[in-house]
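Got your viewer open? Let's take a walk through this model together, one selection at a time.

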Amino acid sequence: MPATIVLGTQWGDEGKGKAVDYLADGMDFVVRYQGGNNAGHTVIAEGRLLKLQLIPSGILYPHITPVIADGVVVDPRHLLRELDELRRTGVDVSRLRLSGNCHLIMPYHLELEKVTQRFLGRNALGTTKRGIGPAYADKAARIGLRVQDLFDQKIFREKLEIVLREKNAILTKLYGRLPLDGDEIVEEYMDLAGSLEPYVADTSTLLHGALRDGKSVMLEGAQGTLLDLDKGTYPFVTSSNPVAGYALASAGFGPKEVQRVVGIVKAYVTRVGAGPFPTEELGEDGERLGVRGQEFGTVTGRKRRCGWLDAALLRYASRVNGLTELFLTKLDVLSGFERVPICTGYRVEGKQFDDFPPHQSLFHKAEPIYEELDGWMEEVDEAKTFEDLPKAAREYVRRIEELADVPVSVVSVGPAREQSLPAG
Ligand code: IMP
């Protein structure tokens, strides 16, 4: 059975939780492939509102095995807290499988992110302060500790001593902070190890076996294409790769297994944290999108910046991910706007770009070129089929398909599972 990749096409917060939850119905495995507890998925299932950060939303279905693959960075304290919360709401979490190759977020990652972001002052990225960047930096520098190290105290202690010597020197000498105590970290992490052990597995072999046995596997990205370390708006990005290609590196199988690549696209655009955003609306319209869309971060509670849909960026996301279909979310938020603009390209210093400009400085100066579509006044959250939508809303969807050159398969008009209308 082929694999499906599901990912965000914008700067995150496209409503992936909802989309993944809807698509997960026919899946046997749901795999989270990058990021950490910087992500936040809100899922409403059977009347329950659940906030997931690290655990794939597949956990809510008894027939699905949720998997956290190698490319995810794991804060064990956070993971155990999330498992506890799920358990308390009656969810059976015993099926979760966690790769032993995942890198650990350590207490010094959190501490260092706090001081380095502060040090950057007005140049700070506005990260989620979960230690994500420092953990991935140590992974690349080959000084990271991994989940598997938790099960060999001697190795864990040795690796920690080496890395902590450098981290404490930075914390004390450069930032004037107190050093962290290695023994305390060992004690705490060894304690957590016992609770994590039942979930740890060789997830690559597990997924190979699943595909060989004809099971369906969904690979779920966090954040979004424009926050990708390589393909996003660097340096205003996260420290991992949400793009489709990385899903395979993380899960550990090849591209021939993938048949569908579903891009989640919100009917407008939001961004949290710093960085360029050509279609940002700083006036009343942006405010209104934020209020109607309840655009506040799941993780940090920060107000999201809001603006109109950017089809040039969507085309780019389609290209770099090889999207086969779009899942359009939050169309209901656009009711009540007389005109709905879509950005089709940019003007930079008198020159026109139909695509994402290749140089960062150009993108910072990019002015959107808009095509204005008719809006619709009716609320659409009770629509049961695509045909129930007002004509202008349907035309908006069809125009997105044309501009992105990818078909929209589902339109979402509210947070509940039932508010998903097949549009094919
Ligand atoms: P980090 O991932 O915490 O290092 O933050 C880097 C950038 O990515 C910041 O601008 C964050 O606001 C943004 N970011 C990280 N995770 C998410 C997410 O799940 N949704 C939206 N933005 C995110």
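Before we start clicking, one term: a polar contact is a pair of N or O atoms within 3.5 Å. Keep in mind, too, that what you're looking at is a predicted model.

**Stop 1: the ligand**

Select the ligand and show the residues around it. There are 15 of them, and Asp 13, Asn 38, Thr 128, Thr 238 and Arg 302 come nearest. Try colouring that shell by residue type: you should get 6 nonpolar, 7 polar and 2 charged.

Now zoom in on Thr 128. An N or O atom in the side chain of Thr 128 sits 2.5 Å from an oxygen atom of the ligand. That pair counts as a polar contact because the cut-off is 3.5 Å.

Next, click Gly 126. Here a polar backbone atom of Gly 126 is 3.4 Å from an oxygen atom of the ligand. Then hop over to Asp 13, where a polar side-chain atom lies 3.2 Å from a nitrogen atom of the ligand.

How much of the ligand does the protein bury? Taken alone, the ligand exposes 470 Å², and the protein buries 96% of that.

**Stop 2: α3 and α4**

Show residues 107-119, which form helix α3, and residues 132-140, which form helix α4. The two axes come within 7 Å and cross at roughly 120°. An angle like that makes α3 oblique to α4. Look at the handedness as well: α3 passes α4 in a right-handed crossing.

**Stop 3: a loop after α4**

Pick Arg 142, in the loop between α4 and α5 (153-174). What is unusual about the phi of Arg 142, given that it is not a glycine? The phi of Arg 142 is positive, at about 60°.

**Stop 4: α6 and its partners**

Keep α5 on screen and add α6. The axes of α5 and α6 are 10 Å apart, and the helices pack at an angle of about 140°. So α5 is oblique to α6, and α5 passes α6 in a right-handed crossing.

Now swap α5 for helix α2 (residues 76-88), leaving α6 (residues 182-196) in place. Here the angle is about 40°, with the axes 10 Å apart. That makes α2 oblique to α6. Is the crossing of α2 and α6 left-handed or right-handed? The crossing of α2 and α6 is left-handed.

**Stop 5: a cis peptide bond**

For the last stop, select Tyr 234 and Pro 235. The peptide bond from Tyr 234 to Pro 235 is cis, with omega near 5°. Zoom out a little to see where you are: Pro 235 lies in the loop between β10 (217-220) and α8 (244-251).

How values were computed:
Residues are numbered from 1 along each chain as its sequence is written. This is a predicted model: local features need pLDDT of at least 70, side-chain atom pairs count only at pLDDT 80 or more; totals for chains, interfaces and linings use all residues. Side-chain values use heavy atoms; hydrogens and water are left out. A residue is near a molecule or strand if one of its heavy atoms lies within 4 Å of it. A polar contact is a pair of N or O atoms within 3.5 Å; within protein, one must be able to donate a hydrogen and the other to accept it, and residues adjacent in sequence count only if both atoms are side-chain atoms. Accessible areas come from the Shrake-Rupley method with a 1.4 Å probe; for residues, only the protein chains shown count as cover. Ala, Val, Leu, Ile, Met, Phe, Trp, Tyr, Cys and Pro count as nonpolar, Asp, Glu, Lys and Arg as charged, and the others, Gly among them, as polar. Axes are lines fitted to C-alpha atoms, for helices over the stretch in contact, and angles run from 0 to 180 degrees between N-to-C directions. Helices (H or I, at least four residues) and strands (E, at least two) are DSSP runs, numbered from the N terminus. Angles under 35 degrees count as roughly parallel, over 145 as roughly antiparallel, 65 to 115 as roughly perpendicular and the rest as oblique. A crossing is left-handed if the near helix is turned anticlockwise from the far one by less than a right angle, and right-handed if clockwise.
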